[in-house]
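The following exercises invite the student to read a protein model step by step. Please examine the sequence and the structure before attempting each task.

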Amino acid sequence: MGIYEEWGVEPVINASGAVTRLGGAPMPPAVLKAFVAAAGESVCLDRLQGAASRYIRQVTGAEAGLVTCGCAAALTLGTAAILAGQNLRRIESLPNTAGFPDEFVMAREQRNGYDHAVRAAGARLVEVGFHELVAGAGVRRAESWEYAAAFGPATAGVLYVYDAKASPPLQEVVDCAHARGIPVLVDAAAELPTPTNLQALLGSGADLVAISGGKGLRGPQSTGILCGRRDLVGSAAMQMLDLDDHFELWDPPPELIDKADWPGLPRHGIGRALKVSKEEIVALLTALRLFVSGEHAGEPARAERQLEQIAGMLSDIGCEHRFLAPQNEQSLPLLEIEVAENAVGRTAFEVCQRLRRGRPAVQVNHSRLREGRLLINPLHLTDERTAILCQRLREELAPSAEQQSHSL
Ligand SMILES: *Cc1c(COP(=O)(O)O)cnc(C)c1O
């Protein structure tokens with residue numbers, strides 16, 4: 001019996017990618033081994049975060065880095081750092097921001113559910129630009145003069161959601177914010193620390209960058225990285241770490257914190273609810289090391305082979321499909337399946353639901369269901385899971401007459 005069955009839950013075949021709903025990305029064996037080894041010993045968490053900062057700095061070139069419990073947590077902590085800095089009164093009062101600047105300016109078209117993490121620290125979002133392209137009511141996207149026009153005495157920072165196609169370009173927004181001394185926090189959750197990405201992100205001069213550890217990096221699902229300016233990352237650390245110590249004895253990690261900057265030790269800050277465990281920190285660092293060592297270089301070939309196998313089965317049953325090329329240097333190819341409702345006798349939604357409810361349960365990527373398409377993301381596939389996935393897809397996409405009359 002597997003570990004999940006022991007608790008009365010069935011594991012799922014994940015053909016959806018590193019989605020949080022299904023537990024994120026698979027952790028490589030070396031990461032799991034590091035997790036277990038780290039869990040068996042005690043360590044000073046602040047020192048461990050200091051070591052993490054050193055390694056993140058080495059890999060990314062950022063001044064400092066902190067392991068957080070996810071990218072969303074990194075956004076909350078980064079916001080708290082920008083709002084409060086080293087001001088003990090502000091640290092104590094967050095998320096209450098009465099009496100100090102608390103506005104974060106962002107493009108309306110970049111609003112998304114994760115910006116709740118920024119609001120959670122106490123920031124108020126000020127939207128600029130419109131979303132005219134989606135409304136079909138204009139041709140322009142957000143423009144940097146609109147950020148500049150929104151800056152005022154209550155502005156604390158800028159929130160920018162990074163994507164290679166985001167507009168205006170990050171560099172333009174950073175330049176415009178820095179002209180007014182305003183820091184920029186970047187949500188780069190899905191980005192990986194590849195040289196191209198790091199150049200685009202940190203090379204822009206962005207003050208803080210938040211990355212997810214449980215997506216493409218394949219660290220524990222509940223990890224992330226906040227990196228950038230040392231004073232801000234240090235403030236984030238001070239608002240997250242448990243500082244229940246005597247000030248005289250307190251010996252903070254020099255990679256992150258200068259004791260001389262702090263007249264006293266803040267009590268538990270807003271980030272105390274976002275604590276990261278020693279084993280998560282070590283596992284994330286191990287995942288980062290594997291990633292930069294090129295450990296995943298063989299993944300595209302593995303993924304392609306498995307998608308070819310699924311495509312072969314789809315051709316057999318006359319189901320239209322196509323390969324989608326990887327989005328960037330680190331992502332995998334995807335397989336898009338057209339669900340022809342009149343041939344299959346089911347809509348894409350119905351096929352997706354039946355796959356979820358069947359045994360073993362299969363979850364395909366659901367982002368194109370409204371266009372009548374299923375997407376297969378091979379990140380989590382093994383040869384064994386691919387064989388089961390093929391079998392389940394065949395059953396749902398080429399249902400025999402008998403099966404149909406049973407089920408409907
Ligand atoms: C996934 C995601 C997050 C949250 O990342 P976690 O590591 O799961 O906390 C934040 N922002 C964006 C744009 C994301 O895609």
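**Exercise 1. The ligand and its surroundings**

Which atom of the ligand lies 2.7 Å from a polar side-chain atom of D187? Then describe the residues around the ligand, and state how much of the ligand the protein buries.

*Solution.* The model is a predicted one.

Step 1. The partner of the polar side-chain atom of D187 is a nitrogen atom of the ligand, at 2.7 Å. With a cut-off of 3.5 Å between N or O atoms, this pair counts as a polar contact.

Step 2. Two further contacts involve oxygen atoms of the ligand. A polar side-chain atom of K215 is 2.8 Å from a ligand oxygen, and for A72 a backbone N or O atom is 2.9 Å from a ligand oxygen.

Step 3. The accessible area of the ligand taken alone is 390 Å², and the protein buries 82% of this area.

Step 4. The residues that surround the ligand are T20, G70, C71, A72, Y114, D187, A189, S212 and K215. Sorted by class, this shell comprises four nonpolar, three polar and two charged residues.

**Exercise 2. The overall form**

Determine how many helices and strands the protein has, and explain how its radius of gyration relates to the globule rule.

*Solution.* Step 1. The secondary structure amounts to 17 helices and twelve strands.

Step 2. For 408 residues the globule rule gives 22 Å, and the radius of gyration of the protein, 24 Å, is close to that value; the protein is therefore as compact as a globular protein of that length.

Step 3. The C-alpha trace spans about 75 × 60 × 35 Å along its principal axes.

**Exercise 3. The sheet of seven strands**

State the strand order of the open sheet of seven strands, and identify its edges.

*Solution.* Step 1. The order is β2-β8-β7-β6-β5-β3-β4, and the pairing is mixed.

Step 2. At the edges stand β2 (64–68) and β4 (124–128); each has a single partner strand, so one side of each lacks a neighbour in the sheet.

Step 3. On average, and with direction ignored, neighbouring strands of this sheet are turned by 25° against each other.

Step 4. Within the sheet, β3 (residues 103–107) and β5 (residues 155–161) run parallel and are joined by three bridges. F104 has G157 in β5 as its bridge partner.

**Exercise 4. The sheet of three strands**

Describe the pairing in the open sheet of three strands.

*Solution.* Step 1. The strands follow the order β9-β10-β12, and their pairing is antiparallel.

Step 2. β9 (321–324) and β12 (373–376) are the edge strands, each of which pairs on one side only. The average twist from one strand to the next is 25°.

Step 3. Four bridges connect β10 (residues 334–338) with β12 in the antiparallel sense. I337 is placed opposite L374 in β12.

**Exercise 5. Exceptions in the backbone**

Most residues other than glycine have a negative phi, and most peptide bonds are trans. Which peptide bonds are cis, and where does R218, with its positive phi, lie?

*Solution.* Step 1. The bond between S167 and P168 is cis, with omega about 0°. P168 belongs to the loop between β5 and α9 (170–178).

Step 2. The peptide bond from R359 to P360 is also cis, with omega near -10°. P360 is found in the loop between α15 (348–357) and β11 (361–364).

Step 3. R218 is not a glycine, yet its phi is positive, at about 65°. R218 is located in the loop between β7 (208–212) and β8 (224–228).

Note on methods. Residues are numbered from 1 along each chain as its sequence is written. This is a predicted model: local features need pLDDT of at least 70, side-chain atom pairs count only at pLDDT 80 or more; totals for chains, interfaces and linings use all residues. Side-chain values use heavy atoms; hydrogens and water are left out. A residue is near a molecule or strand if one of its heavy atoms lies within 4 Å of it. A polar contact is a pair of N or O atoms within 3.5 Å; within protein, one must be able to donate a hydrogen and the other to accept it, and residues adjacent in sequence count only if both atoms are side-chain atoms. Accessible areas come from the Shrake-Rupley method with a 1.4 Å probe; for residues, only the protein chains shown count as cover. Ala, Val, Leu, Ile, Met, Phe, Trp, Tyr, Cys and Pro count as nonpolar, Asp, Glu, Lys and Arg as charged, and the others, Gly among them, as polar. Two strands pair if DSSP finds at least two bridges between them. Helices (H or I, at least four residues) and strands (E, at least two) are DSSP runs, numbered from the N terminus. Axes are lines fitted to C-alpha atoms, for helices over the stretch in contact, and angles run from 0 to 180 degrees between N-to-C directions. The radius of gyration is taken over C-alpha atoms; the globule rule is 2.2 Å times the number of residues to the power 0.38.
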